[in-house]
Every structure is written in structure tokens, then in C-alpha cells.
Amino acid sequence: MITIGLTGGIGSGKSTVASMFKDLGVPVYDSDQRAKHLMNSSKAIHDQLVELLGEEAFLDGKLNRPFIASKVFNDKNLLAKLNDIVHPVVREDFVAWAKNQNARYVIQETALLFENKSQALYDEVILVTAPKEVRIGRVLARDNTTRAQVEARMDNQLEDKIKLELANFVIENIDLEITKEKVLQVHASILTEH
Ligand code: ATP
């Protein structure tokens, strides 16, 4: 199975682009959503999180999100450890999911792809971009959050300048009609090349 990574910074429009590929019949795995599910259901994650953060990591068997967020918010080292626990379980879940798809290729949507040095796991990587101010504006309009919180999340992501060098395809997402055309072009290229 051909696997394609789809990434981009916060608010770039990964999910928006992912649904355009879904409309073309491409199966899309949403890493963020699956990670949330697996953090509540995987025993491997449960046991390692308790070891890392203590029993408080779970409340009544459910992930204690506010506690975990408060722990990792200003601690990059702990955030990296959390990521190292969740990441392999999501990877395994994705591989199992991909095996069950009946399509020419599948997409894994994931925010921290280059940050996790995962590019070699994919046949191609698509990067979604938009100017930083546009991205901040979109997230502020979408989520109940603050500019400082959005910028803090951006600080945990690589700059587009670096990611542009590493991606196989770049989709600049500003005007949705142009984005849709670019999605069609990338889709055609993937089908031709593989
Ligand atoms: P995150 O990393 O935070 O999950 P994302 O990269 O998946 O974000 P989306 O959720 O697709 O980004 O987009 C962020 C917000 O901006 C959404 O509310 C979406 O509807 C809106 N949006 C995305 N692309 C455009 C666009 N080209 N024009 C206007 N609004 C857009």
C-alpha cells in the first residue's frame, strides 16, 4: 500500500485538505483523533503514562487531560517523552488500519511529521502551508484559545522554511478554490508516479 503523509503547522488547513482528498475517495487516517482515542484505550499507553506522570494521569480510568496538559505545557523534555510513548502506538494502529483499506493509496494526517523525523515512513509527504498570521487568525476563530497558546503550540513545530525543503508536495492553502485545484494535481501526480 502506498502511504502518504499529510502535515502542516497548526491552522494551516491539514484537515481541510484531508477532506478534499477524502472527497476523491482517498482513505485518510486522522492521527490526532486516533491518538486521543488510543490514549484512553491502549494499555501500553496507560501503563507508561502512569509511570511517567503518576496515577493522576488518569481519573476513573479516563485520561486526565488538564493534568497532563499542565504537566507538559512548559516542559519540552516531558512533552517529548509523552510523544515517545504515544507515537509508536499510533504508528502501529495506522499500519494495521492501512492494511485494511482498499485504495490505490492512503493518507496519514499528522501535525508533527517532520518534527518526529517520520518522513522515511512514507512514500511521499504533502505539506500544507499558509502565512503565520492567517493561521493564528483561523485558530482563534475556530477554538476557544488565546494568541499566546497558539504561539506556544507553534513553538513546538518546525518552521515552514525547514519543512518546505523536506516535503515532496506543497499545497499552499489560502484560497479554497486554488487549494482544491492543487489537491487534484497532487492526487493525479501520486497516481501517475505509483
Ligand atoms: P490544527 O493543526 O489546529 O488541527 P489544521 O491544520 O487541521 O489545524 P484546519 O482545521 O483544516 O487546520 O483549518 C483551521 C481553520 O481554518 C478551520 O476552521 C478551517 O475551516 C479554516 N480554514 C482552513 N482553510 C481555510 C481557507 N483556505 N480559507 C478560510 N478558512 C480556512
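This tour moves through a pocket, a surface patch and one helix residue, in the order in which they may be selected. The model is predicted.

**First stop: the second largest pocket**

Select Ala 130, Pro 131, Lys 132, Arg 135, Met 154, Asp 155, Gln 157, Leu 158, Glu 159, Asp 160 and Lys 163, which together line the second largest pocket. Three helices each give two or more residues to this lining: α6 (132-142), α7 (147-155) and α8 (160-166). The space inside the second largest pocket comes to about 180 Å³. Colour the selection by residue class: six lining residues are charged, four are nonpolar and one is polar.

**Second stop: a nonpolar surface patch**

Keep Leu 158 selected, since this residue of the pocket lining also belongs to a nonpolar surface patch. Add Ile 162 and Leu 166, and the patch, about 220 Å² in area, is complete. Leu 166 is found in helix α8. Is Leu 166 buried or exposed, or does it lie in between? Its relative accessible area is 37%, so Leu 166 counts as partly exposed, the class between the cut-offs of 20% and 50%.

**Third stop: Pro 66 in helix α4**

Now select residues 65-72, which form helix α4, and find Pro 66 among them. Pro 66 has a relative accessible area of 61% and is therefore exposed, as the cut-off for that class is over 50%.

To link this stop with the pocket, display the C-alpha atoms of Pro 66 and Met 154. How far apart are these two residues in sequence and in space? They are separated by 88 residues in sequence and by 20 Å from C-alpha to C-alpha. Met 154 is one of the residues lining the second largest pocket, where the tour began.

Terms used: Residues are numbered from 1 along each chain as its sequence is written. This is a predicted model: local features need pLDDT of at least 70, side-chain atom pairs count only at pLDDT 80 or more; totals for chains, interfaces and linings use all residues. Side-chain values use heavy atoms; hydrogens and water are left out. On a 1 Å grid over the protein atoms alone, a cavity is a set of points where a 1.4 Å probe fits but cannot get out, and a pocket is an open set with protein on both sides within 12 Å along at least five of seven lines; lining residues have an atom within 4 Å of a point. Grid points are joined across faces, edges and corners, and a volume is the space filled by probe spheres set on the points. Helices (H or I, at least four residues) and strands (E, at least two) are DSSP runs, numbered from the N terminus. Ala, Val, Leu, Ile, Met, Phe, Trp, Tyr, Cys and Pro count as nonpolar, Asp, Glu, Lys and Arg as charged, and the others, Gly among them, as polar. Buried means under 20% relative accessible area, exposed over 50%, partly exposed in between (1.4 Å probe, protein chains only). Patches are made of residues with over 30% relative accessible area and no salt bridge: like charges are joined within 9 Å, nonpolar side chains (Val, Leu, Ile, Met, Phe, Trp, Tyr) within 5 Å. Accessible areas come from the Shrake-Rupley method with a 1.4 Å probe; for residues, only the protein chains shown count as cover. A salt bridge is a side-chain nitrogen of Lys or Arg within 4 Å of a carboxyl oxygen of Asp or Glu.
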